[in-house]
Amino acid sequence: MRILYDSKAAQYKTPFGTLRTGENCVLHISIPRTSGATGVRLVLENCDGAPVGDYPFAPERQEEDYVFYRCELSLAERGLYYYWFYVTKSEGGFRLFKQGDGTNMEAGEKWQLSVIPSDFTVPDYARGAVMYQIMPDRFCKRGDCDLTDKLRPYTIHENWNETPEYRPDENGTVWNKDFFGGNFNGIREKLPYLQQLGVGILYLNPVFMAYSNHRYDTADYKRPDPMLGTEQDFRDLCDEAHRRGIRVILDGVFSHTGSNSVYFDADGVFGGGAVSDPDSPYRKWYRFSHYPDQYEAWWGIRTLPCVEELEESYLNYIIEDEDSVVAHWLALGADGFRLDVVDELPNEFVLRLKKRIRQINPEALLLGEVWEDASNKRAYSVSRRYFVDAELDSVMNYPWRTAILNYVTGADDGQGFGAAVMTIAENYPPQVLACVMNHLGTHDTPRILTILGDCFYGPKEEKAERYLSANVRALAIAKLKRAAFLQFTLPGMPSIYYGDEAGMEGFEDPFCRRCYPWGAEDTDLQAYYTALCHMKNTLAVLKNGDVRVTQAGGGRIAFTRSDGNTTAMIYVNQSDKPWLVSGGAMAFGCNTDFDGAAYTLQKDGFCILLTQQ
C-alpha cells in the first residue's frame with residue numbers, strides 16, 4: 001500500500017495551487033497503518049534548497065487501512081518554496097517525495113509552492129481576451145510615409161506577395177533590410193476586420209525606430225520607425241482601437257539596443273553615442289571589454305550590444321523619467337508592453353517597470369517572453385520572481401503550446417497534455433492563468449499549418465518555395481482546428497499570429513513573416529476562428545473558470561472549466577473508437593452526433609457541453 005498525497009486534489013491540499021501571503025493552507029496525507037509510521041512532518045525549503053520551516057502533522061482519524069494526518073500552515077514571506085515529507089517510525093524514518101501525482105520513498109521530486117502578494121491583481125479586460133499579434137511591416141500598407149530619416153540602406157519590395165529576403169551576402173550575413181511598407185495606417189484601416197473577428201488585445205512587434213525590418217535592434221526608443229508613420233499616426237491607431245474596444249500593447253526590447261542607434265552609434269550616423277563619442281552619457285550603458293571594438297552582444301550578434309539594465313541613467317531613461325520610454329508610449333495610447341527576453345532583465349528592472357506603468361495607467365498590462373514554466377524559471381543562476389513579486393501579469397505559454405501540438409500530431413496520447421495543463425494550472429497564480437498568452441504560432445516559430453503538415457528539414461532555398469499539397473493541407477487544417485479548439489477552451493488569452501486564421505504557411509524566419517494575404521484568405525478557416533473568438537468572448541466560464549483535467553490518455557482528453565455558475569465540459573477524441581459523452585447542452589462541436597440523450601464523438605471529434613449550477 002502506498003502513502004497517499006496529491007497536491008492537485010482538494011482532499012489533500014486546499015487551496016489549489018499558489019498561496020497568497022498570510023493565506024491558510026490545509027494539507028492531508030494518508031499513511032498505511034501497516035507502515036509502522038508514528039508521525040509525519042512537512043519540510044519546507046526556499047528556491048535555493050535551504051530549509052526554512054518544519055511543520056508537524058497531527059493524526060486526524062483512522063479508517064480501515066489508513067491513518068489520516070492533517071497540517072495547517074500559512075506563510076508571511078512571498079517566494080518560491082519547495083517541500084517534502086519526513087515520515088517518522090519508532091526507529092528512524094524516511095523521506096517522501098513526489099512521483100507523478102503520487103508519492104515515493106527516498107527518491108523523486110519536491111512539491112512546489114509559490115506564495116504571491118495578497119494584493120496581486122491583473123487587468124480585468126485581459127482575462128480570457130482574444131489577442132492578435134502583428135508584425136507591423138507585413139500586415140497592411142496604406143499610404144506613403146516620410147522616409148527621410150529611415151536608416152539606410154534599405155529596399156522596399158514592389159510586390160506585397162514576394163518572399164522576404166533570406167539569402168546572406170558574400171560574408172554570410174542576412175541584413176533584414178528589405179521592407180514591404182506595412183504601417184500604422186494600414187493596421188488602423190483593418191481594425192474593423194479585427195473587431196469583427198473578436199480581437200480584444202492587439203500585440204505589435206517592435207515599432208521603435210530601427211534599422212532592420214523586425215526592429216529588435218532599436219535605434220531610438222522614443223521615435224516610431226519612419227516606415228511605420230508618425231507619432232500622430234500611432235496615436236490615431238490607438239484612439240480608433242480603443243473606440244472599438246481593442247487594447248494595444250507594444251514589444252519592449254530593453255536588454256539590448258541596435259549598434260546603429262542614438263545610444264551606441266557604431267556607424268557614426270547620429271553622433272554622441274557610446275562608440276562615436278568617448279564622453280557619451282550612453283557609454284556606461286554598455287559592457288565594453290576593450291573600448292570601443294569589444295563589447296558584450298546579445299547571443300554574440302554584434303549588431304545587438306547588451307545594456308546594463310541597472311545603470312541608473314538607463315533606468316531613468318526607460319522607466320523613471322517624466323517622459324521615460326514607457327511613459328512616452330503610454331501617453332500616446334499604448335496599453336502595456338510585452339517584454340522581449342524577459343529572463344535577461346534583472347528582477348529589479350522588471351519590478352520597477354511594472355510599478356511605473358501601473359502608476360501611469362492602473363490597467364496597463366505587462367507580459368513577458370518566457371519559453372519554460374515561468375513560475376520556477378532560473379536564469380543566470382538567479383531565481384526569477386515574475387509571480388512571487390507580481391512583476392508580470394502574463395507570460396507566453398510555450399509549455400501548453402508544446403502539449404497541444406504533441407497531442408494533435410499524435411506524438412502524445414493525451415497523458416502528456418493532461419500533465420502539462422495541470423502543472424501550469426497549479427504553478428501559476430489563478431489571475432495569471434486567466435490571462436496567460438496561449439499561442440500556437442509567433443514570429444519566432446514556423447507557421448502552425450506548416451508544422452502540422454510538413455516535417456521538411458532541407459535548405460532554405462527549398463523552404464522558400466515549398467507549400468503543402470491540397471490533401472496534406474486539408475489534413476493540417478483539420479489538426480489546426482482541434483489545436484485551436486484546445487487553445488481557446490483552456491484558461492488564458494488565445495493569441496492569433498497574424499494570418500494563421502487566414503491559412504498562411506511558412507517555415508522558420510523569414511518565411512513565417514510573409515505578408516498577410518489580403519484577398520486570398522482561407523475564408524472557411526477565418527469563419528472557424530471567428531466562431532472560436534465569439535465562443536471565448538461570450539462564455540464567461542471560458543474567461544474566468546478554473547480548469548481540471550478529468551481524463552487524459554488513449555487518444556482522449558476531457559477537462560472542465562467552472563466558475564461557480566456554469567461548468568463547461570470539454571472533450572476531444574483522437575482515438576479510433578467513438579466516445580459517448582453526456583451531461584449538458586452542446587455549445588460548440590465538430591464530428592459529433594446526438595441521439596437525443598447523449599453525444600457521440602467520432603474520431604477527431606470535439607465538443608463543449610454546458611451545465612448550469
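Helices and strands here are DSSP runs, with strands at least two residues long, numbered from the N terminus. The model is predicted.

**Exercise 1. Backbone outliers in loops**

Task: Where is E106 found, and what is its phi?

Solution.
Step 1. Place the residue. E106 is found in the loop between β10 (102-105) and β11.
Step 2. Read the torsion. Phi of E106 is near 65 degrees. That is a positive value, and E106 is a residue other than glycine.

Task: Which peptide bonds, from T14 to P15 and from R152 to P153, are cis or trans?

Solution.
Step 1. Take T14 to P15. Omega is near 0 degrees, and the bond is cis.
Step 2. Locate P15. The loop between β1 and β2 (19-20) holds P15.
Step 3. Take R152 to P153. This peptide bond is cis, with omega near 0 degrees.
Step 4. Locate P153. The loop between β12 (131-134) and β13 (155-156) holds P153.

**Exercise 2. The parallel sheet**

Task: What is the strand order in the open sheet of eight strands, and which strands stand at its edges?

Solution.
Step 1. Write the order: β25-β22-β21-β18-β15-β12-β27-β26. The pairing is parallel.
Step 2. Find the edges. β25 (394-395) and β26 (437-439) each have a single partner strand, so one side of each is left without a neighbour in the sheet.
Step 3. Check one edge pair. Strand β22 (residues 365-368) and β25 run parallel and are joined by two bridges.
Step 4. Fix the register. L367 stands opposite S394 in β25.

**Exercise 3. An antiparallel sheet of four strands**

Task: In what order do the four strands of the open antiparallel sheet lie?

Solution.
Step 1. The order is β1-β3-β7-β6.
Step 2. Mark the edges. β1 (13-14) and β6 (58-63) pair on one side only.
Step 3. Inspect an inner pair. Eight bridges link strand β3 (residues 25-32) with strand β7 (residues 66-73), in antiparallel fashion.
Step 4. Set the register. L27 stands opposite C71 in β7.

**Exercise 4. Partners of β33**

Task: How many bridges join β30, β31 and β32 to β33?

Solution.
Step 1. Start with strand β30 (residues 566-573). Eight bridges join β30 to strand β33 (residues 599-612), and the two run antiparallel. I570 has I608 as its bridge partner in β33.
Step 2. Move to strand β31 (residues 579-581). β31 is antiparallel to β33, with three bridges. V581 stands opposite Y599.
Step 3. Finish with strand β32 (residues 585-594). β32 pairs with β33 over eight bridges, again in the antiparallel sense. C590 stands opposite F606.
Step 4. Look at the turn. The hairpin of β32 and β33 has four residues between the strands. In that hairpin, G596 takes a positive phi near 100 degrees.

**Exercise 5. Helix packing**

Task: What are the packing angles of α12 with α13 and of α5 with α6?

Solution.
Step 1. Recall the descriptors. Two packed helices are described by the angle between their axes and the distance between the axes.
Step 2. Take helix α12 (residues 470-489) and helix α13 (residues 523-538). Their angle is about 15 degrees, with the axes 10 Å apart.
Step 3. Classify. Angles under 35 degrees count as roughly parallel. α12 and α13 are therefore roughly parallel to each other.
Step 4. Give the hand. α12 passes α13 in a right-handed crossing.
Step 5. Take helix α5 (residues 325-332) and helix α6 (residues 347-360). Their axes come within 10 Å and cross at roughly 30 degrees. That makes α5 roughly parallel to α6.
Step 6. Give the hand. The crossing of α5 and α6 is right-handed.

**Exercise 6. Two pockets**

Task: What volume and lining does the largest pocket have?

Solution.
Step 1. The volume is about 1,100 Å³.
Step 2. The lining counts 37 residues. H214, Y216, W298, I301 and L304 lie nearest the centre.
Step 3. Sort by class. The lining has 14 nonpolar, nine polar and 14 charged residues.

Task: Which element gives the most to the lining of the second largest pocket?

Solution.
Step 1. Size the pocket. The second largest pocket has a volume of about 520 Å³.
Step 2. Find the centre. Of its 26 lining residues, K8, K98, D101, A419 and T423 are the closest to the centre.
Step 3. List contributors. β11 (111-116), α8 (415-427) and β28 (546-553) each supply at least two lining residues.
Step 4. Pick the top one. α8 gives the most, with seven residues.
Step 5. Sort by class. The lining has seven nonpolar, ten polar and nine charged residues.

Technical notes:
Residues are numbered from 1 along each chain as its sequence is written. This is a predicted model: local features need pLDDT of at least 70, side-chain atom pairs count only at pLDDT 80 or more; totals for chains, interfaces and linings use all residues. Side-chain values use heavy atoms; hydrogens and water are left out. On a 1 Å grid over the protein atoms alone, a cavity is a set of points where a 1.4 Å probe fits but cannot get out, and a pocket is an open set with protein on both sides within 12 Å along at least five of seven lines; lining residues have an atom within 4 Å of a point. Grid points are joined across faces, edges and corners, and a volume is the space filled by probe spheres set on the points. Ala, Val, Leu, Ile, Met, Phe, Trp, Tyr, Cys and Pro count as nonpolar, Asp, Glu, Lys and Arg as charged, and the others, Gly among them, as polar. Two strands pair if DSSP finds at least two bridges between them. Axes are lines fitted to C-alpha atoms, for helices over the stretch in contact, and angles run from 0 to 180 degrees between N-to-C directions. Angles under 35 degrees count as roughly parallel, over 145 as roughly antiparallel, 65 to 115 as roughly perpendicular and the rest as oblique. A crossing is left-handed if the near helix is turned anticlockwise from the far one by less than a right angle, and right-handed if clockwise.
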